[in-house]
Amino acid sequence: MKLSEGVEQAIHSVAMLAQLSANGVLSAASLAAYHGVKTSYLLKHLQALSGAGLLSTLPGPRGGYRLARKAEQITLLDIVLAVEGPEPAFRCLEIRQRGPNPLPGKPTRPCEINAAMLRAEKAYRAELRRVTVADILADVAAGDDGSIAARGCAFLAIHERKQGA
């Protein structure tokens with residue numbers, strides 16, 4: 001299974017937004033600069049995350065993005081589905097019914113290949129559903145010598161926009 005670059009960008013962006021203060025937002029341009037990606041490409045994924053109810057958008061020149069839910073309530077599966085869509089990775093097109101010698105009539109049993117792939121997808125999604133953004137941040141913090149936190153704090157000190165305080 002191959003996920004788009006957008007999934008990685010979305011997960012990292014959500015993790016960064018999870019570290020904002022209660023009234024803080026970050027612009028798409030700031031998030032893109034921090035991660036070294038194109039703003040136009042990241043913006044597409046931020047909009048998908050907003051559409052899925054994972055991010056809140058504050059319009060205007062001082063606006064930006066912040067989490068719409070707590071980091072403990074956002075799973076990796078939520079992010080993957082927002083960016084990639086809900087369709088399974090494997091789609092059976094019933095090619096056993098094609099070619100010069102197709103199966104006669106309508107198959108009476110499901111395609112075993114499709115069944116195996118769907119079981120794998122179910123396991124994959126269950127694991128992604130089990131891991132929250134808060135879990136990821138806790139794992140990073142546990143292995144951090146302080147340099148990762150310092151990098152993020154320094155960035156937020158410059159780029160975080162405070163709303164209504």
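Here are legends for a handful of close-up views of this predicted model.

**View 1. The largest pocket and what lines it.**
This is the pocket to start with if you're browsing for open space: its volume comes to about 400 Å³. Its lining counts 16 residues, and those closest to the centre are Ala15, Gln19, Leu137, Val140 and Ile148. Four helices each put at least two residues into that lining, namely α1 (5-17), α2 (28-35), α6 (133-143) and α7 (147-159). Sorted by class, the lining holds ten nonpolar residues, four polar ones and two charged ones.

**View 2. Val140, one of the residues closest to the centre of the largest pocket.**
Val140 belongs to helix α6. Is Val140 buried, partly exposed or exposed? Its relative accessible area is 37%, and buried would mean under 20% while exposed would mean over 50%, so Val140 counts as partly exposed. For a sense of scale, try Leu93 as a reference point: Val140 and Leu93 are 47 residues apart in sequence, and their C-alpha atoms are 41 Å apart in space.

**View 3. The second largest pocket, lined by 15 residues.**
Here the space amounts to about 180 Å³. Leu3, Glu84, Glu87, Pro88 and Ala89 are the lining residues nearest the centre of this second pocket. Helices α4 (76-84) and α5 (112-130) are the elements that contribute two or more residues to its lining. Of these, α4 brings the largest share, with four residues. What classes of residue make up the lining of the second largest pocket? It splits into eight nonpolar, one polar and six charged residues.

**View 4. Cys92, in the loop between α4 and α5.**
Cys92 has a relative accessibility of 27%, so it goes down as partly exposed. Which residue might you pull up next to it? Try Asn114: Cys92 and Asn114 are 22 residues apart along the sequence, yet their C-alpha atoms sit 5.8 Å apart in space.

**View 5. The aromatic pair of Tyr34 and Phe155.**
Search the whole structure and you get one aromatic pair. In this pair, Tyr34 and Phe155 have ring centres 4.4 Å apart and planes at 50 degrees to each other, which makes the arrangement tilted. Why is the pair worth a close-up? Tyr34 is part of helix α2 and Phe155 is part of helix α7, so the contact ties together parts that lie 121 residues apart in sequence. Both rings belong to buried residues: Tyr34 is buried, and Phe155 is too. Tyr34 has a further partner to look at, since the charged end of Arg151 sits over the Tyr34 ring, 4.2 Å from the ring centre.

**View 6. The hairpin of β2 and β3.**
Strand β2 covers residues 55-58 and strand β3 covers residues 64-67, and the two pair in the antiparallel sense over four bridges. Where do the partners fall? Leu55 has Leu67 in β3 as its bridge partner, and Ser56 stands opposite Arg66 in β3. As a rule of thumb for reading such a view, side chains in a regular strand alternate between the two faces of the sheet. Between β2 and β3 there are five residues. Check the backbone in the turn too: Gly60 has a positive phi of about 105 degrees.

Conventions:
Residues numbered from 1 in each chain as written. Predicted model: local features only at pLDDT ≥ 70, side-chain atom pairs only at ≥ 80, totals over all residues. Heavy atoms only, no water. 1 Å grid on protein atoms, 1.4 Å probe; cavity = no way out; pocket = protein on both sides within 12 Å on 5 of 7 lines; lining within 4 Å. Points joined across faces, edges and corners; volume = space filled by probe spheres on them. Nonpolar A, V, L, I, M, F, W, Y, C, P; charged D, E, K, R; others polar. Pairing = 2+ DSSP bridges. Phe/Tyr/Trp six-rings, centres within 6.5 Å; stacked < 30°, edge-to-face > 60°. Buried < 20%, exposed > 50% of the residue type's maximum accessible area, 1.4 Å probe, protein only. Lys NZ or Arg CZ within 6 Å of the ring centre and 35° of its normal.
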